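Here is a short tour of the model you have open, written for someone who knows the bench better than the viewer. Please keep the structure at hand as you read.

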Amino acid sequence: MEYRGLGRSGIQVSEVGYGAWGIGGSGWLGAEDRESLKALHRALELGVTLIDTALGYGDGHSERLVGKAVREHGGDIVVATKIPPKNRVWPAPAGIHPDEAFPADHVRACVEQSLRNTGLDVLDVEQFHVWSDEWTGRGSWREAIEALKAEGKIRAFGVSINDHQPANGIQLVESGLVDTVQVIYNVFDQSPEDELLGICETRNVGVLARVPFDEGALTGRIGPGTTFPEGDFRARYFRGDRKQQVADRVQAILDDLGVERDELPEVALRYVLSHPAVSTVIPGMRSVRNVERNVAAGDGKGLPDEQLRKLEAHRWDRNFYA
């Protein structure tokens with residue numbers, strides 16, 4: 001495993017981190033706590049040092065599992081979590097005051113709850129789970145974050161940028177008020193390369209790249225016959241003819257690169273890690289097998305230039321969350 005700096009925070013993180021939405025018991029269904037803990041421990045054994053979770057993942061269930069694994073493992077593990085907006089609106093809408101989403105008392109209460117859930121003394125990275133650049137420099141959240149840092153309850157502050165809206169974070173990055181951003185970045189959604197990643201690199205802001213597999217599309221395992229449990233968010237994400245669209249797009253990548261289907265997840269991770277602005281990529285991993293396969297991509301090698309050039313043609317601008 002290779003390691004990179006998380007922007008100006010002074011924190012070092014593994015190239016491949018652990019995305020813990022899938023183990024929370026909501027959204028992604030089917031996870032079993034025993035297997036989730038095995039996967040977490042195996043990731044830590046193999047050198048993963050960053051785990052990304054959220055208070056909203058299973059109403060704190062993910063945080064509790066993450067805290068248990070981190071406390072049992074010991075060592076210098078970076079835990080990043082997220083504060084849900086008080087108004088419970090995802091993504092952040094335009095035209096509202098920031099105190100509707102992140103008033104100071106809500107920010108503090110959520111940090112305290114996450115500390116209790118994880119059983120940790122400090123949260124390494126605390127993030128807002130949505131963001132609107134209209135809020136930059138406005139609202140009571142800034143004073144709350146500064147106070148929580150001064151009290152030693154959080155080390156770094158970041159935001160999780162709205163789905164497929166990488167430009168809706170540039171103003172915040174340029175303001176100097178944020179240490180990290182989390183953004184969707186993958187072979188299909190290459191839009192962070194347009195502006196955001198370059199500005200983060202210039203401003204020395206850490207980047208957590210989420211959804212590297214496009215919710216499973218870039219694993220090569222989604223096709224017209226794929227089914228999901230009732231209530232699983234992927235049933236909606238891949239509704240209608242979207243599974244066929246994905247299958248066609250994936251086959252085009254395989255043909256263009258001349259790689260086998262089971263190589264696609266590694267290609268997807270290495271694509272993200274090839275960009276120098278990325279600090280860590282955080283795939284969801286609910287099994288030991290997936291951990292072992294994904295962690296192998298964190299060796300500092302990225303993708304050959306020829307493959308990167310070919311993948312530029314597979315950009316696919318759309319929003320399946322809508």
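A disulfide is counted here when two cysteine sulfur atoms lie within 2.5 Å of each other. By that rule, this predicted model has 0 disulfides. Two of its cysteines can be placed by their accessibility: Cys110 is buried, with a relative accessible area of 7%, and Cys200 is buried too, at 0%.

**The sheet**

Now to the strands. An open sheet is built from 8 strands, and its pairing is parallel. Reading across the sheet, the order is β3-β4-β5-β6-β7-β8-β9-β10. At the edges are β3 (18–19) and β10 (280–281), each of which pairs on one side only.

Strand β6 is a good place to look more closely. It covers residues 123–128 and runs parallel to β7, residues 154–160. Strand β5, residues 78–83, also runs parallel to β6. The bridges and one example pair for each of these pairings are set out below.

| Strand pair | Bridges | Example partners |
|---|---|---|
| β5 and β6 | 4 bridges | Ile83 and Phe128 |
| β6 and β7 | 5 bridges | Phe128 and Val159 |

Phe128 of β6 thus stands opposite Ile83 and has Val159 of β7 as a bridge partner. How many residues of β6 are buried? The count is 6 of the 6, so β6 is largely enclosed by the rest of the structure.

**Two helices that cross**

Next, find helix α4 (residues 104–118) and helix α5 (residues 141–150), whose axes come within 8 Å and cross at roughly 35°. The crossing of α4 past α5 is right-handed. On the α4 side, the contact is made by Ala104, Val107, Arg108 and Val111. Facing them from α5 are Trp141, Ala144, Ile145, Ala147 and Leu148. By residue class, the contact between α4 and α5 holds 8 nonpolar residues, no polar ones and 1 charged.

**A glutamate with distant partners in sequence**

Finally, take a look at Glu174 in helix α6 (residues 170–175). Is Glu174 buried, partly exposed or exposed? Its relative accessible area is 41%, and because the partly exposed class runs between 20% and 50%, Glu174 counts as partly exposed. Leaving out residues up to four places away in sequence, Glu174 touches Ile199 and Arg203. Glu174 and Ile199 are 25 residues apart along the chain, yet their C-alpha atoms are separated by 7.5 Å.

Conventions
Residues are numbered from 1 along each chain as its sequence is written. This is a predicted model: local features need pLDDT of at least 70, side-chain atom pairs count only at pLDDT 80 or more; totals for chains, interfaces and linings use all residues. Side-chain values use heavy atoms; hydrogens and water are left out. Two strands pair if DSSP finds at least two bridges between them. Helices (H or I, at least four residues) and strands (E, at least two) are DSSP runs, numbered from the N terminus. Axes are lines fitted to C-alpha atoms, for helices over the stretch in contact, and angles run from 0 to 180 degrees between N-to-C directions. A crossing is left-handed if the near helix is turned anticlockwise from the far one by less than a right angle, and right-handed if clockwise. Contact means heavy atoms within 4.5 Å. Ala, Val, Leu, Ile, Met, Phe, Trp, Tyr, Cys and Pro count as nonpolar, Asp, Glu, Lys and Arg as charged, and the others, Gly among them, as polar. Buried means under 20% relative accessible area, exposed over 50%, partly exposed in between (1.4 Å probe, protein chains only).
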